[in-house]
Amino acid sequence: MNRSSRTFLAMAIALCAGLALLRAAVAETVSFGTDWKAEAEHGGFYQAIATGIYQRHGLEVNLRPGGPQVNHAQLLAAGVLDFNIASNSFVPLNFVREQIPMVAVAAIFQKDPSVLIAHPGQGNGSLAALKGKPIMIGSDTRITSWVFLKSKFGFTDDQIRPYTFSVAPFLADPEAVQQGYLSSEPFTIEAQGVKPVVMLLADAGYSSYGSLIQTSDKLIREKPDLVQRFVDASIEGWYSYLYGDPAAGNALIKRDNPEMTDALLAYGIAKIKEYGIVDNGDAKTNGIGAMTEARWRDFFDTMSNAGVYPKSLDFHKAFTLQFVDKNVGTKP
């Protein structure tokens with residue numbers, strides 16, 4: 001390389017660095033709501049804040065944790081939030097059914113982390129074995145993954161028992177079966193000396209995505225570059241959280257949720273990796289956040305056949321592939 005080429009290269013590098021600094025200096029502020037209190041399942045977003053990934057993409061992200069009394073879907077529809085997390089594929093389809101112009105732009109979880117939990121040694125080692133048996137199920141679950149269990153395994157509503165979001169009734173009854181979240185209830189149960197049987201619905205054919213990033217048609221139409229930067233930075237945050245050092249993100253999670261412990265965060269990260277919740281399926285080839293029309297069609301067909309949605313509903317309005325499947329970010 002001659003002197004003039006080296007000079008040109010140096011100038012180009014300096015220009016790129018200068019543009020990156022300028023973008024960070026004039027960062028656009030966006031509001032983002034998660035679907036629950038801060039936890040490992042939100043780790044990539046917190047990591048993107050803590051390590052400056054959002055800043056490098058020209059974004060100042062105000063993250064608002066969810067909770068039992070928080071409805072971020074309504075706040076997104078009202079324009080209070082720019083982005084939010086939909087826990088499953090039902091949420092974007094429900095928006096379409098209600099003719100509310102909100103769209104899923106990325107699916108961080110390729111597998112929904114919903115599980116059923118049983119005691120060992122009771123003959124409840126598979127989902128098929130639970131047909132006809134009492135199961136503690138919450139009201140939200142009755143209109144989401146329970147529909148899949150009825151369709152796939154012949155479960156019936158008379159099996160449902162109230163779920164109080166406590167593992168105490170489960171621990172008190174060796175024949176009990178309850179709903180749960182892969183990285184939450186099993187941890188609490190194990191801490192009480194019981195090694196539960198954990199059945200991930202996604203591994204039995206439940207094709208719902210999880211942790212979907214949603215935004216409005218309006219923002220996509222008016223600021224597609226901002227949406228792309230938010231999606232890209234969030235994906236990079238997840239690569240960093242799962243395959244780099246998650247300490248920075250965990251520190252912010254514990255700030256927003258003082259009940260969160262290092263042990264539970266480590267357990268959550270381990271389960272996300274073990275079960276391929278994030279980096280699995282289409283994400284292996286297309287990158288974290290991947291979605292496909294075929295996967296959406298499969299989920300919609302299953303749920304419309306079960307009577308959840310009319311077959312005439314245009315499920316394509318629930319999502320866009322404009323911002324994903326670009327293999328953004330890489331594993332360290």
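Phenylalanine 165 counts as exposed, at 62% relative accessibility. This residue opens a short tour of a predicted model, which moves from the loops to the aromatic pairs and ends with the empty spaces. Phenylalanine 165 sits in the loop that joins strand 7 (160-162) to helix 8 (168-172). Its backbone deserves a look as well, since phi of phenylalanine 165 is near 60 degrees, a positive value in a residue other than glycine.

A positive phi is also found at aspartate 325, where the angle is near 65 degrees and the residue is again not a glycine. Aspartate 325 belongs to the segment after helix 15. With a relative accessible area of 27%, aspartate 325 is partly exposed, because the class of partly exposed residues runs from 20% to 50%. Glutamine 99, which follows helix 5, likewise has a positive phi, near 60 degrees.

Helix 5 itself covers residues 90-97, and its buried residues are Phe90, Pro92, Leu93, Phe95 and Val96. What do these buried residues pack against? Their partners include three helices and three strands by name: helix 4 (72-77), helix 7 (145-153) and helix 15 (293-305), together with strand 3 (83-88), strand 4 (102-109) and strand 10 (210-216). As background to reading such a helix, an α-helix has 3.6 residues a turn, so residues three or four places apart point the same way.

Another loop brings a buried residue into view. Histidine 119 lies between strand 5 (114-118) and strand 6 (135-137), in the loop that links them. Is histidine 119 buried or exposed? Its relative accessible area is 8%, so histidine 119 is buried, the cut-off for this class being under 20%. The side chain of histidine 119 has polar partners in the backbone. A polar atom of this side chain lies 2.7 Å from the backbone oxygen of phenylalanine 170, and the side chain also reaches the backbone oxygen of aspartate 173, at 3.1 Å. Leaving aside residues up to four places away in sequence, histidine 119 touches Phe170, Leu171, Asp173, Pro174, Glu175, Ala176, Val194 and Val197. Phenylalanine 170 and aspartate 173 thus appear among the residues that histidine 119 touches.

The aromatic residues come next, with a count of 22 aromatic pairs in the model. One of these is the stacked pair of phenylalanine 83 and phenylalanine 230, with 4.1 Å from centre to centre and 10 degrees between the planes. The pair links distant parts of the chain, as phenylalanine 83 is in strand 3 and phenylalanine 230 is in helix 11 (residues 224-243), 147 residues apart. How accessible is phenylalanine 83? Its relative accessibility is 0%, so phenylalanine 83 counts as buried. Phenylalanine 230 counts as buried too, at 0% relative accessibility.

Phenylalanine 300 and phenylalanine 315 form an aromatic pair that is also stacked, at 5.2 Å between centres and with 20 degrees between the planes. Phenylalanine 300 lies in helix 15 and phenylalanine 315 in the segment after helix 15, so the pair ties together parts that are 15 residues apart in sequence. Both phenylalanine 300 and phenylalanine 315 are buried. An arrangement between a charge and a ring is found as well: arginine 295 lies over the face of tyrosine 209, 4.1 Å from the ring centre.

Residues well separated in sequence can also be followed through alanine 263, which lies in helix 13 (residues 262-274). From alanine 263 to phenylalanine 187 the C-alpha atoms are 9.3 Å apart in space, while the two residues are 76 residues apart in sequence. Alanine 263 is partly exposed, with a relative accessible area of 45%.

The last topic is empty space. Rolling a probe the size of a water molecule over the atoms shows where empty space is left. The second largest pocket has a volume of about 160 Å³. Its lining is made up of 13 residues, and Gly79, Leu81, Asp82, Ser216 and Leu219 are those that lie nearest the centre. Helix 4, strand 10 and helix 10 (217-222) each supply at least two residues of this lining. Which of the elements gives the most? Helix 10 does, with 3 residues.

As for cavities, the count comes to 1 of 30 Å³ or more. The largest cavity holds about 40 Å³ of space, and Glu41, Phe109, Pro113, Tyr181, Leu182, Ser183, Ile272 and Ile277 line it.

Notes: Residues are numbered from 1 along each chain as its sequence is written. This is a predicted model: local features need pLDDT of at least 70, side-chain atom pairs count only at pLDDT 80 or more; totals for chains, interfaces and linings use all residues. Side-chain values use heavy atoms; hydrogens and water are left out. Helices (H or I, at least four residues) and strands (E, at least two) are DSSP runs, numbered from the N terminus. Buried means under 20% relative accessible area, exposed over 50%, partly exposed in between (1.4 Å probe, protein chains only). A polar contact is a pair of N or O atoms within 3.5 Å; within protein, one must be able to donate a hydrogen and the other to accept it, and residues adjacent in sequence count only if both atoms are side-chain atoms. Contact means heavy atoms within 4.5 Å. Rings of Phe, Tyr and Trp (its six-membered ring) pair if their centres lie within 6.5 Å; planes under 30 degrees apart count as stacked, over 60 as edge-to-face and the rest as tilted. A charge sits over a ring if NZ of Lys or CZ of Arg is within 6 Å of the ring centre and within 35 degrees of the ring normal. On a 1 Å grid over the protein atoms alone, a cavity is a set of points where a 1.4 Å probe fits but cannot get out, and a pocket is an open set with protein on both sides within 12 Å along at least five of seven lines; lining residues have an atom within 4 Å of a point. Grid points are joined across faces, edges and corners, and a volume is the space filled by probe spheres set on the points.
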